[in-house]
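Me: I have a model open and would like to talk through how its parts pack together. Can we go over it piece by piece?

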Amino acid sequence: MIAKRRLGQNFLVDQNYQQRIVAALGSVKGETVIEIGPGHGALTQWLIKAGANVIAIEADRDLIVEIETTFGSSLGFRLILADALEVDLSQLIQPAERVRVIGNLPYNISTPIVQHLIDSRDCISELVIMLQREVVERMTAKPGGKEYGYLSVMVQLYCEIDRLFDVPPGAFRPAPKVQSSLCRLRLSLEPRIRVKDEKQFLEVTQVIFSQKRKTILNNLRAGLGRLGLSTIADCQQRVATTGLDLRRRAETLTIDEIALLADCIR
């Protein structure tokens, strides 16, 4: 099977890494596990051997027959032909309430998939996913670094994240031109810090990081309409009570400070 560039396909062929990735889930015997993008079944085979009830979501019609032929008779295995971004996971996993997710995510749409999975945290407790190393570095970044941005804040608002290990290009066919990393995200149902309005918090975060070279003040000025504010003076008046300096750049703010900013202009 030739990998399709438009689907971001790079198949994991190294069995050592296949087993290490599945082992990162820990015990899965009798558990329902969602696998996103099974490909040729590199991880699927080890999940089934470990006793998991696997729900595999695959978007490539050309892979469906192969996967069904190989694993269709396995106890507890289900194959769903669908785009992972469009699946209602809460309906898919019934009667289970919350499940874990594993996958070698397509790098070209990995960030939207991560966002979708976090949005589905009412039915997902943990992710063990492989991504482009640069994306994992952004997700785990701390304030003050150039990688720190909206993705860092959004992920860390809802997840405890650990970067587990890197996987070299040679472990894939075809070999990607980027480095890959496996990470674990443990999802919380509620934000891990106190915010009055989650939607407003994320909106403010997007606005202040919209142009990272600009100050928070300039980004807020450009995003007044999105935040429901009439004038920048109104915004400054509200923020003045917090002691936050709007001449700073967003990358210097902690998540707690962003929450303070979002709450005061809510």
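Reply: What follows goes through a strand, some ring pairs, the nonpolar cores and two helices of this predicted model.

Me: Let's start with β5: how many of its residues are buried?

Reply: Strand β5, residues 99–104, is mostly covered, with six of its six residues buried. Val99, Val101 and Gly103 point one way from the strand, while Arg100, Ile102 and Asn104 point the other way, and all are buried.

Me: And which strands does β5 pair with?

Reply: Strand β2, residues 32–36, runs parallel to β5 and is joined to it by four bridges, with Arg100 in β5 as the bridge partner of Val33. Strand β6, residues 124–132, also pairs with β5 in the parallel sense, over six bridges, and there Gly103 stands opposite Ile129 of β6.

Me: Through which helix does the chain cross from β5 to β6, and is the crossover right-handed or left-handed?

Reply: The chain passes from β5 through helix α5, residues 110–119, to reach β6, and this β-α-β crossover is right-handed.

Me: Switching to aromatics, how many pairs are there?

Reply: The count comes to three aromatic pairs. One of them is Phe71 with Phe77, whose ring centres are 5.9 Å apart and whose planes stand at 45°, so this pair is tilted. Both Phe71 and Phe77 are buried.

Me: What about Tyr148 and Phe209, why is that pair edge-to-face?

Reply: The ring centres of Tyr148 and Phe209 are 5.8 Å apart, and the pair is edge-to-face because the planes are at 75°, where the cut-off for that class is over 60 degrees. The pair links distant parts of the chain, 61 residues apart, since Tyr148 belongs to the loop between α6 (133–140) and α7 (150–158) and Phe209 to the loop between α8 (198–208) and α9 (216–222).

Me: Are those two buried or exposed?

Reply: Tyr148 counts as buried because its relative accessibility is 0%, and Phe209 is buried too, with a relative accessible area of 8%.

Me: Where do charged side chains sit over rings?

Reply: Arg20 lies over the face of Phe165, at 3.9 Å from the ring centre, and the charged end of Lys49 sits over the ring of Trp46, 4.3 Å from its centre.

Me: Trp46, okay. Which residues does Gln18 contact?

Reply: Trp46 is among them: leaving aside neighbours within four places in sequence, Gln18 is in contact with Leu12, Val13, Ala42, Leu43, Gln45 and Trp46. Gln18 has its place in helix α1, residues 15–23, and counts as buried because its relative accessibility is 3%.

Me: Now the largest nonpolar core, which members touch the most others?

Reply: That core has 64 residues, and the ones that touch the most other members are Val155, Leu185, Phe201, Ile208, Leu220 and Leu261. Taking Leu220 and leaving aside its neighbours within four places in sequence, the contacts are Val207, Ile208, Leu227, Ile232, Cys235, Leu246 and Ile265. Another core, of 30 residues, lies apart from the largest one and includes Phe11, Tyr17, Val28 and Ile67.

Me: Last one, Leu261 is in α12, right, so which residues of that helix are buried, and what covers them?

Reply: In helix α12, residues 255–264, the buried residues are Ile255, Ile258, Ala259, Leu261, Ala262 and Cys264. Their cover includes α7, α8, α9 and α11 (232–240).

Terms used: Residues numbered from 1 in each chain as written. Predicted model: local features only at pLDDT ≥ 70, side-chain atom pairs only at ≥ 80, totals over all residues. Heavy atoms only, no water. Buried < 20%, exposed > 50% of the residue type's maximum accessible area, 1.4 Å probe, protein only. Helix = DSSP H or I, 4+ residues; strand = E, 2+ residues; numbered from the N terminus. Pairing = 2+ DSSP bridges. Right-handed = clockwise from strand over helix to strand, strands pointing away. Phe/Tyr/Trp six-rings, centres within 6.5 Å; stacked < 30°, edge-to-face > 60°. Lys NZ or Arg CZ within 6 Å of the ring centre and 35° of its normal. Core = buried A, V, L, I, M, F, W, Y, C linked by side-chain atoms within 4.5 Å. Contact = heavy atoms within 4.5 Å.
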